[in-house]
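Please walk through this protein with me, from its helices and the way they pack to the charged side chains that pair up along and between them. Keep the structure in view as you read, and look up each residue when it is named.

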Amino acid sequence: MPRRSATDIQPDMLALLAVLTPGERLPSERELAERFGCSRQTLRACLSRLEQDGRIWRHVGQGTFSGSRPRHLPVRDTLLIEGATPPDVMQARLLLEPMVAATAARLADAEDVALLRGKVAAGRMARDRAACEQADDAFHRALGQISGNPILSGFLGYLSGIRRRIAWQREWERTYRRIGTQAFQTLHSDQHARIVDAVEAGDPEAAAACMTAHLETIRADMLGSG
């Protein structure tokens, strides 16, 4: 008998959930795969769909539970990434990155400043959209590394991951079609350079203000691309 697909087993999963109370733990993946005659990979695909629909929630090391996730528990990173829109990303960046720039201004030494200058120079040399975005990402992540705080660096890495998702790339491609790569090579890179100037001067307030101005420019560029 052929193995069943995720679509095939979804009605059976829904029937099982209908008899469970909210928050009740589901049987193990092995038991469910045997019950529904499917592979564990197929089962996980079905569970992912149900999780996105809010019918189940999963907690690493504890199992899968019926109903929606309790509010006090964090949402899985994969769902956050999938659900994030470009405006969500820009709002998060505006909250976080000025603080990162300010922290870098307090801590940076001559070697750090030279690293940032190199990132700015690489940005000016970028010749297409992909190269521009790669150079931009490298500059912002370098600031996070200089902060010396692994949590800040981790958040920037998380935002970088979201920027590689389809929704962001689609929006950014529309933006670059309108403003062209020259905007990154000149205006955006000039703004990066001003951030580095503030970092080199050891001026946290100026670094934060320059970063805010830079991100507001990016947000305005994206809003104008609609």
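At 30% relative accessibility, R219 counts as partly exposed, because that value falls between the 20% under which a residue is called buried and the 50% over which it is called exposed. This is a predicted model, and what follows should be read with that in mind. E216 is likewise partly exposed, with a relative accessible area of 34%. R219 and E216 form a salt bridge, in which the closest N and O atoms are 3.1 Å apart. Both residues lie in helix α11, which spans residues 204-223, and they are three residues apart, about one turn of the helix.

With that pair located, we can step back to the protein as a whole. The protein has eleven helices and two strands, and if you read along the sequence you will meet them in the pattern α-α-α-β-β-α-α-α-α-α-α-α-α. How many of the 226 residues, as a percentage, count as buried? The share that counts as buried is 43%. Among the contacts in the protein with a separation of 6 or more, 71% are made by residues 24 or more positions apart.

Let us now follow the chain from its early helices. Helix α1, made of residues 6-18, and helix α2 have axes that come within 11 Å of each other and cross at roughly 120°. That angle makes α1 oblique to α2, and the crossing of the two helices is right-handed. On the α1 side of this contact you will find I9, D12, M13 and L16, which meet L32, R35 and F36 of α2. Sorted by class, the contact of α1 with α2 has five nonpolar residues, two charged residues and no polar ones.

Helix α2 also packs against helix α3, which consists of residues 40-52, and here the axes come within 9 Å and cross at roughly 100°. Because an angle from 65 to 115 degrees counts as roughly perpendicular, α2 is described as roughly perpendicular to α3. In this contact E29, R30, L32 and A33 of α2 meet R40, L43, R44 and L47 of α3. The contact of α2 with α3 is made up, by class, of four nonpolar residues, four charged residues and no polar ones.

The charged side chains deserve a closer look. A search of the whole structure finds ten salt bridges, and one of them joins the side chains of E34 and R30, with a distance of 3.6 Å from N to O. E34 and R30 both belong to helix α2, residues 29-36, where they are four residues apart, about one turn of the helix. Is E34 buried or exposed? E34 is exposed, with a relative accessible area of 57%, whereas R30, at 47% relative accessibility, counts as partly exposed.

A salt bridge can also link two helices, as R117 and E200 show, with their closest N and O atoms 2.8 Å apart. R117 lies in helix α6, residues 110-125, and E200 lies in helix α10, residues 181-200, so the pair ties together parts that are 83 residues apart in sequence. R117 itself is partly exposed, with a relative accessible area of 30%.

Further along the chain, helix α7, residues 129-146, packs with α11 at an angle of about 150°, their axes being 14 Å apart. The two helices, α7 and α11, are therefore roughly antiparallel to each other, and their crossing is left-handed. Here D136, H140 and L143 in α7 meet M211, H214 and L215 in α11. The residues of the contact of α7 with α11 divide into three nonpolar, two polar and one charged.

Finally, consider a residue outside the helices. A108 lies in the loop between α5, residues 86-107, and α6, and with a relative accessible area of 22% it is partly exposed. Which residues does A108 contact, leaving aside its neighbours within four places in sequence? A108 is in contact with V113, I146 and V199. The C-alpha atoms of A108 and I146 are separated by 6.3 Å, although these residues are 38 residues apart along the chain.

Key. Residues numbered from 1 in each chain as written. Predicted model: local features only at pLDDT ≥ 70, side-chain atom pairs only at ≥ 80, totals over all residues. Heavy atoms only, no water. Salt bridge = Lys/Arg side-chain N within 4 Å of Asp/Glu carboxyl O. Buried < 20%, exposed > 50% of the residue type's maximum accessible area, 1.4 Å probe, protein only. Axes fitted to C-alpha atoms, helices over the stretch in contact; angles between N-to-C directions. Parallel < 35°, antiparallel > 145°, perpendicular 65-115°, else oblique. Left-handed = near helix turned anticlockwise from the far one by under 90°. Contact = heavy atoms within 4.5 Å. Nonpolar A, V, L, I, M, F, W, Y, C, P; charged D, E, K, R; others polar.
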